[in-house]
Amino acid sequence: MTDTLDPRSWLYPTPRGLYCKPGDFYIDPAVAVPRAVITHGHGDHARPGHRAALATPETLAIMRARFEDMPDTQQQPLKYGESVQIGEVDVELAPAGHILGSAQAVLAYRGQRIVVSGDFKRRPDPTCPPFEPIPCDVFITEATFALPVFHHPSDMGEIGKLLRSVATFPERTHLVGVYALGKCQRVIRLLRAAGWDKRIWLHGGLMALCKLYQEQGVDLGDIAHVGDAILETFRGAIVLCPPSALADRWSRRFADPVPAVCSGWMRVRARARQSGAELPLVISDHADWGELCQTLKDVGAPKVWVTHGREEALVHMARSIGIDAEALHLAGRDEEDG
Ligand SMILES: [Zn+2]
Ligand SMILES: [Zn+2]
């Protein structure tokens, strides 16, 4: 009886996070809970200390790498497309195209289906399978870049800018700020696709997750830790680091570096200036405005709940095309990778 069942009666926000009552579990909770379903490994979605955690095998591997093996968490891997019953709810995970292992949680209860997108993007990413639009009654969408001003250019075009700069300044080191989980490995793959087959140097803070990606079958080519370099001038080299390291003492070892940052936020001039990037590159792991709007059409849900960013604009847009949309205010969401 889909028509009489109020979706808010079985899935709703609480101070601990989004709670599914008939399954007695939380999705990406803000604190440790008895049972959690985790969409992906970023810090504001995956947290340590749950008694039980269900996620894709790749996301669980990322969580083990970040949270010292999680011996006290009962880990329940669920591959894309497989389903499991928790309480009275059928749970399935579908690709979200955001980072390795990222998933949308597809919840079915009494003939009603709700999809929790987590974070997602629509363009191809060589490190994970593409987002799959799942028809549903309620679609919960992220809204990180939900303003018409956010249009992400082609990622290969942005990588082209970086390589042209390297060719123009062969004596300088290009220091590229990237978020450690997802963005780093995608940028390496994009560089390889653009023909950069030389060694790519990494800040120590990026090594562990790159190794994990390699173990999960993502080929990153020749990568090495900056700290292991011997008699290396780094002239003409590409060095990846966390964005915060660009302003660190760490960056002083490089001769006349060109600081770059890869992020969707580089679209905003003030943000680019603030980041210290001489070369801002707009490469994002989130959907831009056009992709968010297209996704609402592709999914075709009559109800949309908007969370995680600029809710108002997307709610307004959804209502204008006849969708019953509202903002869903969830606790514990930081602005992350971009
Ligand atoms: Zn994320
Ligand atoms: Zn997020």
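Okay, let's start with one pair of strands: S10 and S11 run parallel to each other and pair over three bridges. If you want a spot to click on, take Ile114, which sits opposite Val138 in S11. Before I go on, please keep in mind that this is a predicted model.

So where does that pair belong? S10 and S11 are part of an open sheet of seven strands, and the order across it is S7-S8-S9-S10-S11-S18-S19, with mixed pairing. At the edges you'll find strand S7, residues 83–86, and strand S19, residues 324–327, each pairing on one side only. Going from one strand to the next, the twist averages 25°.

Now, the helices on this sheet. Helix H6, residues 289–299, lies across S11 and strand S18 (303–309), and runs at about 170° to S11. Then there's helix H7, residues 311–320, lying across S11, S18 and S19, and H7 runs at about 170° to S19.

Let's move to the metals. Which residues coordinate the zinc ion that is ligand 2? His45 does, through NE2, and Asp119 does, through OD, at 2.1 Å. There's a second zinc in the picture: ligand 2 and the zinc ion that is ligand 1 are 3.5 Å apart, and Asp119 coordinates both. Look at where those two residues come from: His45 is in the loop between strand S4 (35–37) and strand S5 (52–55), while Asp119 is in the loop between strand S10 (112–116) and strand S11 (138–143), so the pair ties together parts that are 74 residues apart in sequence. And yes, that second loop joins up with the strands I opened with, S10 and S11.

Next, another sheet. This one is open too, with six strands in the order S14-S13-S15-S12-S16-S17, and the pairing is parallel. Its edge strands are S14 (223–225) and S17 (279–281), each pairing on one side only. The twist here averages 25° from one strand to the next.

Zoom in on one end: strand S13, residues 200–202, is joined to S14 by three bridges, and the two run parallel. Here the residue to click on is Leu202, opposite His225 in S14.

What packs on this sheet? Helix H2, residues 155–168, does, touching strand S12 (174–177), strand S15 (238–241), strand S16 (258–262) and S17, and its direction makes about 155° with that of S17. Helix H3, residues 183–193, packs on the sheet as well; H3 touches S13, S14, S15 and S16, with its direction at about 165° to that of S13.

Last stop, the empty space. How many cavities of 30 Å³ or more are there? The count is two. I'll show you the second largest, with a volume of about 30 Å³. Its lining is made up of Arg123, His152, Pro153, Asp155, Arg186, Val282, Ile283 and Ser284. Sort that lining by class and you get three nonpolar, two polar and three charged residues.

That's my tour, thanks for listening!

Conventions. Residues are numbered from 1 along each chain as its sequence is written. Chains are lettered from A and ligands numbered from 1 in the order in which they are written. This is a predicted model: local features need pLDDT of at least 70, side-chain atom pairs count only at pLDDT 80 or more; totals for chains, interfaces and linings use all residues. Side-chain values use heavy atoms; hydrogens and water are left out. On a 1 Å grid over the protein atoms alone, a cavity is a set of points where a 1.4 Å probe fits but cannot get out, and a pocket is an open set with protein on both sides within 12 Å along at least five of seven lines; lining residues have an atom within 4 Å of a point. Grid points are joined across faces, edges and corners, and a volume is the space filled by probe spheres set on the points. Ala, Val, Leu, Ile, Met, Phe, Trp, Tyr, Cys and Pro count as nonpolar, Asp, Glu, Lys and Arg as charged, and the others, Gly among them, as polar. Two strands pair if DSSP finds at least two bridges between them. Helices (H or I, at least four residues) and strands (E, at least two) are DSSP runs, numbered from the N terminus. Axes are lines fitted to C-alpha atoms, for helices over the stretch in contact, and angles run from 0 to 180 degrees between N-to-C directions. Contact means heavy atoms within 4.5 Å. Donors are N, O and S atoms within 2.8 Å of the metal (3.2 Å for Na, K and Ca); water is not among the atoms, so sites may look incomplete.
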